[in-house]
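Me: I'd like to go through a protein model with you and ask why things get the labels they do. Could you take it step by step?
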Amino acid sequence: MKRIISVALAAFVLAFGATSALAQDKAKAASKGTVAEATAMVQKAIAHIKKAGREKAFADFDNKSGPFTDRDLYVVVYDMKGKVLAHGANDKMIGKDVIELRDSDGKYFVKERVEMMSKGPEAKGWQDYKFMNPVTRQIEPKSMYLQRYEDLIVGCGIYKN
């Protein structure tokens, strides 16, 4: 009888541990931005530029506790030459020409963005690269949704790890 209780107890502990680990994985995944949320954030950002004007909108995008920062999601805006006009995760980037910036694999990701968005006023799409996650502080694979608005490149990305 003791053996049956011990086996049952061990099975319960294993099952509870697996359930707990699964719950933690789900919570971790839920804390990350999604493709739909990143796309919606870019749409929301463009609508805000149209309504509030560039100066006010860019200040709102730069506000880490504002409505354009959500977990690991944040808005970035570049001009068509690769200069950062707004950056929701790193205000030290604002005003810098980053056209030559490379990710940890050597990819010129800003140059690629400018090329992607130079295809016309309706240009939009996804781009993969590696960048530091502001939540984990680690370099991680990232996909950014980009959309051109007038002479601006507006983006918001998701981390894949």
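Reply: Happily! Let's begin with a term: a helix here is a DSSP run of H or I with at least four residues, numbered from the N terminus. Keep in mind that this is a predicted model.

Me: Where is valine 42 placed?
Reply: Valine 42 sits in helix α2, which covers residues 35–52.

Me: Why is valine 42 called buried?
Reply: Buried means under 20% relative accessible area. Valine 42 has a relative accessible area of 0%, so valine 42 is buried.

Me: Which residues is valine 42 in contact with, leaving aside neighbours within four places in sequence?
Reply: Valine 42 is in contact with Tyr145, Gln147, Val154, Gly155 and Cys156, once those neighbours are set aside.

Me: What makes you say that aspartate 103 has no salt bridge?
Reply: A salt bridge needs a side-chain nitrogen of Lys or Arg within 4 Å of a carboxyl oxygen of Asp or Glu. For aspartate 103, which is buried, the nearest side chain of opposite charge is lysine 107, 5.9 Å away. Set against the 4 Å cut-off, that leaves aspartate 103 with no salt bridge.

Me: And where is aspartate 103 found?
Reply: Look in the loop between β3 (84–87) and α4 (109–117). Not counting residues up to four places away in sequence, aspartate 103 touches Phe109, Tyr129 and Lys130.

Me: How do the residues lining the largest cavity divide into nonpolar, polar and charged?
Reply: Nine are nonpolar, one is polar and two are charged. Among the lining residues are Phe109, Tyr129, His87, Arg113 and Lys142. Lys and Arg count as charged, so Arg113 and Lys142 fit that group.

Notes
Residues are numbered from 1 along each chain as its sequence is written. This is a predicted model: local features need pLDDT of at least 70, side-chain atom pairs count only at pLDDT 80 or more; totals for chains, interfaces and linings use all residues. Side-chain values use heavy atoms; hydrogens and water are left out. Helices (H or I, at least four residues) and strands (E, at least two) are DSSP runs, numbered from the N terminus. Buried means under 20% relative accessible area, exposed over 50%, partly exposed in between (1.4 Å probe, protein chains only). Lys and Arg count as positive and Asp and Glu as negative; His and the chain ends are not counted. Contact means heavy atoms within 4.5 Å. On a 1 Å grid over the protein atoms alone, a cavity is a set of points where a 1.4 Å probe fits but cannot get out, and a pocket is an open set with protein on both sides within 12 Å along at least five of seven lines; lining residues have an atom within 4 Å of a point.
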